[in-house]
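I am opening a notebook on a structure that is new to me, and I want to keep a plain record of what I looked up. The entries follow the order in which I went through it.

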Amino acid sequence: MKDLAINVALQRDDLTIEINERVPLSGLTAIFGPSGAGKTTLLRLIAGFERGAGEMRFGDEVWQQGRHFTPPHHRRVATVFQQPRLFDHLDVAGNLAYAARRAGQMDAVAAMVARFALDPLLSRRPATLSGGEAQRVALARALLTAPRLVLMDEPVTALDQARRNEILPFIESLRDEANIPILYVSHSLAEVTRLATQILTLADGRVAGLGPAEAILPGLAATPDQPGEEPGSLITARVRRLSSDGLCELHFPGGSILTPGRVGPDGAEVRLIIRARDVMLSRDRPEGLSALNILPATVTSVTPVGAASAHISLDCGGTAIAARITMRSVAALGLSPGVNCHAILKSVALARDALPSP
Amino acid sequence: MTDLAPLWLTLRLAAIVTVLLLILGTPLAWWLARTRSRLAHVIEAITALPLVLPPTVLGFYLLIAFNPTAPLGQFWLNVTGTTLTFSFTGLVLASLLYSLPFTVQPLQTAFTQLGPAPLEAAASLGARPLDAFLTVAAPLSLRGYLTAAVLTFAHTLGEFGVVLMVGGNIPGETRVISIAIYEKVETLDYATAHLLSGLLLGLSFLILLALYALNGRRRA
């Protein structure tokens with residue numbers, strides 16, 4: 001697995017970027033942080049559109065060192081921008097060919113057209129496409145460059161909810177099947193929860209955290225919530241078996257989770273999202289509850305959120321789970337780091353079904 | 001039978017100047033649209049000078065520079081064996097200068113409006129800078145090129161002062177239509193002056209009509 005070694009400083013009018021990090025490249029790495037944290041600027045530095053002071057390496061390849069600077073067109077890195085940036089003077093087929101011809105990938109066009117269902121759009125002009133259609137073309141065009149790394153800068157932010165759900169499955173399949181690492185800039189916790197396998201958080205131009213999504217996500221939720229954003233945790237589990245009464249048993253190091261319906265073939269890996277407010281806590285193992293999923297856990301931290309709530313981080317056999325309860329309950333249950341308790345999961349969602357919050 | 005040679009000479013001059021300026025003006029306009037250099041203001045001001053300068057002033061300086069005893073005039077005489085003053089070549093050179101802003105300003109505006117986004121997209125798709133310019137920036141600036149071409153052509157068509165200063169009035173060489181009209185009026189040949197003036201008026205109107213129709217269609 002390659003990594004991207006960044007040691008770059010860049011001064012902008014309102015922001016100083018200082019990044020010194022080695023980012024392992026696999027799956028989808030979400031670059032997450034509030035507006036103005038430098039997410040897009042970091043992506044532009046990696047693409048080569050901006051030049052800071054310092055060094056950058058992609059695997060063994062030196063992109064920047066001293067006077068050496070590899071220009072964007074030599075990096076073989078594809079960028080999908082927030083706006084599709086299709087070429088208005090070419091039709092859809094022309095836009096795809098533009099990328100494919102320069103990468104010697106003309107043979108791959110037909111398969112890409114099929115994969116992104118672009119056949120009916122080929123002779124259309126970009127100006128006549130809907131936002132979702134245009135972004136699908138932009139994704140296909142980016143992949144036709146045979147990139148070694150795909151950069152996505154909030155690719156669904158400009159789209160409405162329905163269009164987002166049209167694009168996100170393509171990004172998921174790209175993440176799971178194409179074996180091309182993706183860096184994905186987003187300020188949406190819901191998107192990050194659904195897509196990320198690794199998360200890099202930025203604050204004020206610096207790296208605040210980097211690690212597997214399962215480890216970083218529950219902590220992210222402890223930051224002040226963005227309107228409409230649901231804090232939650234991510235569990236990667238394997239499908240075990242389907243019970244006779246229609247429940248699917250999913251196994252992860254912290255225990256088992258039951259969920260209705262067959263979510264995948266035996267042994268398949270699935271990503272589960274558990275919203276923090278769907279987690280109840282109990283000191284004793286509760287009896288006589290309708291909830292199926294009750295997991296033993298240990299409190300790792302208690303962070304007050306807002307006036308009356310608290311964000312509880314739990315360790316569940318090595319997997320982090322977040323809960324959102326009131327301060328009154330924290331006091332009543334005597335919750336503090338190190339206390340053993342039980343997490344009652346009221347609801348579990350598959351990441352691929354989880355809708356980004358409107 | 002009216003002698004239409006001045007008309008053909010004028011059209012030839014305007015066509016040659018337009019083609020040359022579109023080629024030469026592109027890098028200058030591109031640089032002006034992209035650079036953050038402070039020198040840009042100086043270059044912009046120099047480029048715009050022909051807009052405000054009386055043509056006779058520009059013509060006077062060019063006449064001095066084209067003189068075979070001046071460095072430029074001498075160089076030209078040594079290399080080609082001909083003089084720049086009172087020659088068609090001299091007219092082309094002079095016209096390149098006084099029509100320069102009519103090429104550079106529309107192109108600069110088009111390149112500025114284009115912004116960096118399409119070029120970044122082209123670069124991310126593996127296009128080298130010149131490739132990206134020719135295949136993305138230039139086609140997307142087509143309207144700017146058409147405006148620049150029409151304005152340059154029309155302006156070169158009607159120039160009088162500079163031509164009078166550096167070109168004089170040599171039939172078939174420097175007697176362009178505006179000079180011919182002036183001469184006909186001086187010799188009281190009003191009929192020919194009417195005809196040539198009418199031709200120039202009609203031609204200029206048609207060119208501007210085409211320009212506005214073009215811009216209007218895009219606007220709608």
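The entries below go from domains to sheet, core, chain contact and single residues.

**Entry 1: the domains of chain A**

I note at the start that this is a predicted model. I looked up how chain A is divided, and the assignment gives domain 1, covering 3-220, and domain 2, covering 232-353. Taken over C-alpha atoms, the centres of domain 1 and domain 2 of chain A are 32 Å apart. I then turned to where the two domains meet, and found nine residues of domain 1 of chain A in contact with 13 residues of domain 2 of chain A. On the domain 1 side, helix 6 (189-195) and helix 7 of chain A each supply at least two of the touching residues. Which helix gives the most to that side? I recorded helix 7 of chain A, with six residues. By class, the domain 1 side that touches domain 2 of chain A holds four nonpolar, two polar and three charged residues.

**Entry 2: the open sheet of chain A**

Next I followed a sheet in chain A, which is open, has six strands in the order 7-8-9-3-10-11, and shows mixed pairing. Strand 7 (77-80) and strand 11 of chain A are at the edges with a single partner strand each, so one side of each has no neighbour in the sheet. I also noted the turn between neighbouring strands of this sheet, which is 15 degrees on average when direction is ignored.

Within the sheet I looked at one pair, strand 8 (residues 149-153) and strand 9 (residues 182-186) of chain A, which run parallel and are joined by four bridges. A:V150 has A:I182 in strand 9 of chain A as its bridge partner.

I then asked which strands helix 4 of chain A touches where it packs on the sheet. Helix 4 (residues 131-143) of chain A touches strand 7 and strand 8 of chain A, and its direction makes about 175 degrees with that of strand 7 of chain A. Helix 7 of chain A, spanning residues 213-220, lies across strand 3 (28-32), strand 10 and strand 11 of chain A, and runs at about 130 degrees to strand 11 of chain A. I marked this helix because I had met it before: helix 7 of chain A is also the one that gives the most to the domain 1 side touching domain 2 of chain A.

**Entry 3: the nonpolar cores**

I looked up the largest nonpolar core, which has 105 residues, and among these A:I31, A:L151 and A:A323 touch the most other members. Helix 4 of chain A provides the largest share of this core, with seven residues. Both domain 1 and domain 2 of chain A contribute to this core, with at least three residues from each.

I took A:I31 as an example and listed what it touches, leaving out residues up to four places away in sequence: A:K39, A:L42, A:L43, A:L183, A:Y184, A:V185, A:L200 and A:L202. There is also a second, separate core, of 40 residues, which includes B:L151, B:V162, B:V176 and B:L196.

**Entry 4: where chain B meets chain A**

For the contact between the chains I recorded 13 residues from chain B and 16 residues from chain A. Helix 7 (117-124) and helix 8 (129-140) of chain B each supply at least two residues of the chain B side. Helix 7 of chain B gives the most to that side, with six residues. The chain B side that touches chain A has nine nonpolar, two polar and two charged residues.

**Entry 5: single residues**

I looked for residues other than glycine with a positive phi, and noted A:D204, whose phi is about 50 degrees. A:D204 is in the loop between strand 10 (198-203) and strand 11 (206-212) of chain A, and counts as partly exposed because it has 14 C-beta neighbours inside 10 Å. In chain B, B:F86 has a positive phi near 55 degrees and is not a glycine either. B:F86 is in the loop between helix 4 (71-80) and helix 5 (88-98) of chain B.

Is B:F86 buried or partly exposed? I entered B:F86 as partly exposed, because 16 other C-beta atoms lie within 10 Å.

Lastly I looked at A:V305, which lies in strand 17 (residues 293-305) of chain A. Leaving out residues up to four places away in sequence, A:V305 touches A:A310 and A:H311.

Definitions and conventions: Residues are numbered from 1 along each chain as its sequence is written. Chains are lettered from A and ligands numbered from 1 in the order in which they are written. This is a predicted model: local features need pLDDT of at least 70, side-chain atom pairs count only at pLDDT 80 or more; totals for chains, interfaces and linings use all residues. Two residues are in contact if their C-beta atoms, placed from the backbone, lie within 7 Å. Ala, Val, Leu, Ile, Met, Phe, Trp, Tyr, Cys and Pro count as nonpolar, Asp, Glu, Lys and Arg as charged, and the others, Gly among them, as polar. A residue is buried if 20 or more other C-beta atoms lie within 10 Å of its own, exposed if 12 or fewer, and partly exposed in between; C-beta atoms are placed from the backbone. Two strands pair if DSSP finds at least two bridges between them. Axes are lines fitted to C-alpha atoms, for helices over the stretch in contact, and angles run from 0 to 180 degrees between N-to-C directions. Domain bounds come from an automatic or database domain assignment. A nonpolar core is a set of buried Ala, Val, Leu, Ile, Met, Phe, Trp, Tyr and Cys residues joined through C-beta atoms within 7 Å.
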